[in-house]
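Colleague: Before I set anything up with this model, I would like to go through its overall features with you, one question at a time.

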Amino acid sequence: MDRMFRVLAFWTGIFTVMFYVGDMQQTALLFLVQTAFFLTLSYLRLSERMYMYLFGAYLTVFMVGFTWYSEFILVPGFGH
């Protein structure tokens, strides 16, 4: 299970680079933090159950944050 967190760190790292190259620094910083989080967790040698609990907590925080962002921050429109 620790290898899957390294895979998640790899892909969030790829997204970090792509967002940075696309001149989206705030999003790149967010994905850099996620990359560090996943990489740190992958080397802790936790039990598989604990990895599943942490991943479930991560998904819960993501969904709450995404819902909050899309409801209160994102302004719908047809372009600027």
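Colleague: How many helices and how many strands does the secondary structure of the protein come to?

Modeller: Please keep in mind that this is a predicted model. Read along the sequence, the protein follows the pattern α-α-α, and the secondary structure comes to 3 helices and 0 strands.

Colleague: Which residues does the UniProt annotation "transmembrane region" cover?

Modeller: The annotation comes from an unreviewed UniProt entry, but it can be set beside the model for two of its stretches. Over residues 5–22 the chain is 94% helix and 0% strand, with the end C-alpha atoms 25 Å apart, while residues 28–44 are 88% helix and 0% strand, with their end C-alpha atoms 25 Å apart. The record's "transmembrane region" covers residues 5–22, 28–44 and 51–70.

Colleague: What radius of gyration does the protein have?

Modeller: Along its principal axes the C-alpha trace spans about 50 × 30 × 15 Å. A compact globule of 80 residues would have a radius of gyration near 12 Å, but the protein has 15 Å.

Colleague: What percentage of the residues of the protein count as buried?

Modeller: The accessible surface comes to about 6700 Å², and 73% of this surface belongs to carbon and sulfur atoms. With buried taken as under 20% relative accessible area, the share of the 80 residues that count as buried is 19%.

Colleague: How far apart are the mean positions of the positive and negative charges?

Modeller: The protein has 4 positive and 4 negative charges. The mean positions of these two sets are apart by 18 Å.

Technical notes:
Residues numbered from 1 in each chain as written. Predicted model: local features only at pLDDT ≥ 70, side-chain atom pairs only at ≥ 80, totals over all residues. Heavy atoms only, no water. Helix = DSSP H or I, 4+ residues; strand = E, 2+ residues; numbered from the N terminus. Rg over C-alpha atoms; globule rule 2.2 N^0.38 Å. Buried < 20%, exposed > 50% of the residue type's maximum accessible area, 1.4 Å probe, protein only. Areas by Shrake-Rupley, 256 points an atom, 1.4 Å probe, with all protein chains shown as cover. Lys, Arg positive; Asp, Glu negative; His and termini not counted. Charge placed at Lys NZ, Arg CZ, Asp CG, Glu CD. UniProt positions renumbered as here; feature names shortened; annotations may be inferred.
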